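Here are a few exercises to work through with the model open beside you. Try each task before reading its solution.

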Amino acid sequence: MNEKTFRILEFNKIIDMLQMRATTEIAKKMIRELKPSSNIHEVRERLEETKEGFEVVLKWGSLPISVTYDLQDTLKRAKMGYTLQPIELLRVNALLRCTRQLKEFMKDGNKQEICPIIYEIIDSLATIKGLENEIETKIISESEISDRASEKLYSIRRAIRDKNAKVKEKLQSMLQSYSKYLQDPIITLRGDRYVLPVKAEFKGSVPGLVHDQSASGSTLFIEPMAVVELNNEIKELMLKEKQEIERILYELSVKIADNADMLEHNNLNIGYIDFILAKGRFGLDLDASIPEINQRGLINLKRARHPLIDKEVVVPIDVKLGDTYRALVITGPNTGGKTVTLKTTGLLTLMAMTGLAIPASSGSQVSVFNKVFADIGDEQSIEQSLSTFSSHMTNIVNILKEVDETSLILVDELGAGTDPTEGAALAMSILEYIFEKGAKIVATTHYSELKVFAMEKEGFENASVEFDVETLRPTYRLLIGIPGKSNAFEISKRLGLSNEIIENAKLKISKDAARFEDVIQALQNKTIQLEKEYEEIEAIKRESLEIKRQLSEKKFKLDSQRENIIKKAQDEARRILQQAKYEADSIVKELVELKKNSEAVSLKQAEEARRKLKENIDELNKKSIEKKEEEFEALEDVNVGDEVFVTTVSQKGVVLSKPDSKGEVQVQIGIIKMNVPLNKLKRVEQDKKEVKKSGVTNIIKQKAQNISAEIDLRGQTVDEALYNLDKYLDDAYLAGLNFVRIIHGKGTGALREGIKQELRKHQYVKSMRSGDINEGGSGVTIVELK
């Protein structure tokens, strides 16, 4: 790829933005070395990784990657036999711990199906639990080795503590004896040796070794002779401590060297996982999508946005190239968005070839090219005394030397900076040459001659950037299929130029040219009108699809509920039949016993018993079918809270509303709510002695005892969360709660928006608001129930 193209299209800024999303040094290094690829298989593999990064970041936010340092140099030093320092050992330990945590994370659930590429990488990592535990046990911090790192180290440090205590005890007693000679009654250290601060004039009164003096010279720091030997012993012990620490560090370094190959593998692959996640985070931040890739030179960008322009203000554009035409000529006023269109097309192509998601709608297509050339902007060179025209032409000459059928050429204001007639002719000739080479072209121009050229030349297509004459402002929308109108007369008139001058100017241009401009204006107006109508149709289509989706979900939910009710009814019937069979078996058993134990049983008595058996079985069968309906009586009116029998599903329920205009009431059966005609309900008749507290009062009491004032939906998909939220709001409403707290987290915002949309239309929700800083901020929604 051409480095100049990267600079012109600002590809390096994309790399910088991507690098900011990485955590590890290895991932950042990979990103710095990232370049577009012309190999379609490699590009598709890269995009598949990016798509997986999307999924992981959306579902879990990230992975437990706690390392940041690249350990290649550390591991290389260990293999060469160097002793690693505590900080290096701690970083190795962090890598080992991160490896173990990643593998533990991937064991849970069906993560292999969600992210097979990352799963395979993590599966290849090697855990070295013994080495991890050893480093963790022996190294406390960058400057501290644990006493328990070895028995010898523990023994030495205990001896040092004992000796220090003896020295301090001895010096403490001297403070009393030499108090009049001391500057301050304290014990201090100089060069790891305990000393006393003696006044300079009493130097001879305290026998010992002078180790230091104060800046003023008035104080000498003397080590009394009585503690010299003890201090010497402490010094010797400290040297032994240092030797033992060196031995411990060396042993750990050797073990790291023995496992260096596995650690290098872990180091590189954890960095690569972070690289994949960085691509996912970057794509999500841009509201980007994964494009379809081809190598036919076909570009179809839908609602594409320049990634370096604020997504709140950038105007999306549609760009098509390479299907029915291979060259697109864009005309229109200055600052109208022509150059941005060129840069958007080129930059998004480079991003896709690099394996990055692009800020465009789903379904966009991008081709891979062997070469992408761009001549955009003012390339005037003062050093070389080249004019704008000369500078651009020098660049064009270099491009023409390398162009072929696998190239994408982006040219801004081709032929500008010289005589208009010659410049237009030169521009047409250059475009023809590039076209005949088989390359794909996007070019901008002001020349009217190129508009006609693009209309007449097969394989070429006109496009224009829309301009609002009323506001004298560009709309930045790209209109493919029609050339741009200059609008010079209209703009001049709006700016106050007299009609006399404008009419005189119109007389000076040919009638054909004027007519051509009028045709262009009519085409633009018609295209704009059609696009508006198309957008309205698309909005209606999207709304219809959403309604269809919601109805499908409700139908599925109702079908599932109906199946559950039928299953419960069947289970109840099966239970009754089993009970009947049990009673029948008991009667048969009694008959057998009677036959065995009594010869007096007559044939008539046996027949009577058989008859009773048949009657019992028939009666039990009848009960299994009619038992519930026999307990209920038909009703003409109901009150909220009445317990009723729903004949359509053979289940008891509680009335939640008075009859509506259709004569239907809402009934709750378990967790299910359904509308039932009044004539399909029967009143429950209960024996007064057996009546227990039931109906709405009992339900409300139960709910009030068990329901929480908050629900945590974090980590759930939008569909799961909405189902659980609907059930929770039903329970909270029945329990009489006034306010509830919905915890959904901040994350990407998809779950939060889905929940808020559901709350806006829920029948029990009176109002809602985001939580304040003490309630959880934007990660929580507070709901007031009706």
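**Exercise 1.** Work out how α22 and α23 are oriented to each other.

*Solution.* Start with the geometry: in this predicted model, helix α22 (residues 718-735) and helix α23 (residues 750-761) pack at about 40°, their axes 10 Å apart. Helices here are DSSP runs of H or I with at least four residues, strands are E runs of at least two, and both are numbered from the N terminus. Axes are lines fitted to C-alpha atoms, for helices over the stretch in contact, with angles from 0 to 180 degrees between N-to-C directions. Next, classify: under 35 degrees is roughly parallel, over 145 roughly antiparallel, 65 to 115 roughly perpendicular, and the rest oblique. So α22 and α23 are oblique to each other.

Now the hand: α22 and α23 cross in a right-handed way, that is, the near helix is turned clockwise from the far one by less than a right angle, whereas anticlockwise would be left-handed. Finally, the contact (heavy atoms within 4.5 Å): α22 brings V718, A721, L722, L725 and L729, and α23 brings A750, L751, G754, I755, E758 and L759. That makes nine nonpolar residues, one polar and one charged. The classes are: Ala, Val, Leu, Ile, Met, Phe, Trp, Tyr, Cys and Pro nonpolar; Asp, Glu, Lys and Arg charged; the others, Gly among them, polar.

A word on ground rules: residues are numbered from 1 along each chain as its sequence is written. Because this is a predicted model, local features need pLDDT of at least 70 and side-chain atom pairs 80 or more, while totals for chains, interfaces and linings use all residues; side-chain values use heavy atoms, without hydrogens and water.

**Exercise 2.** Do the same for α8 and α12: which way do they run relative to each other?

*Solution.* The axes of α8 (residues 116-123) and α12 come within 10 Å and cross at roughly 165°. The pair is therefore roughly antiparallel. The crossing of α8 and α12 is left-handed. On the α8 side, I118, I121 and I122 make the contact; on the α12 side, N269, Y272, I273, I276 and L277 do. Sort them and you get seven nonpolar, one polar and no charged.

**Exercise 3.** Is N266 buried or exposed?

*Solution.* First place N266: helix α12. Then apply the cut-offs: buried is under 20% relative accessible area, exposed over 50%, partly exposed in between (1.4 Å probe, protein chains only). N266 has 0% relative accessibility, so it counts as buried. Beyond four places in sequence, N266 touches L95, T99, L125 and A126.

**Exercise 4.** Which helix gives the largest share of the largest nonpolar core?

*Solution.* A nonpolar core is a set of buried Ala, Val, Leu, Ile, Met, Phe, Trp, Tyr and Cys residues joined through side-chain atoms within 4.5 Å. The largest one has 93 residues, and L63, I65, I118, I135, I256 and M351 have the most contacts inside it. Its largest share, nine residues, comes from α12 (residues 260-285).

**Exercise 5.** Where does E10 sit, and which residues does E10 contact beyond four places in sequence?

*Solution.* E10 is in the loop between α1 (3-9) and α2 (11-19). Its relative accessibility is 22%, so E10 counts as partly exposed. Leaving out neighbours within four places, E10 is in contact with L308, K343 and L347. The C-alpha atoms of E10 and K343 are separated by 8.6 Å, though the two are 333 residues apart along the chain.
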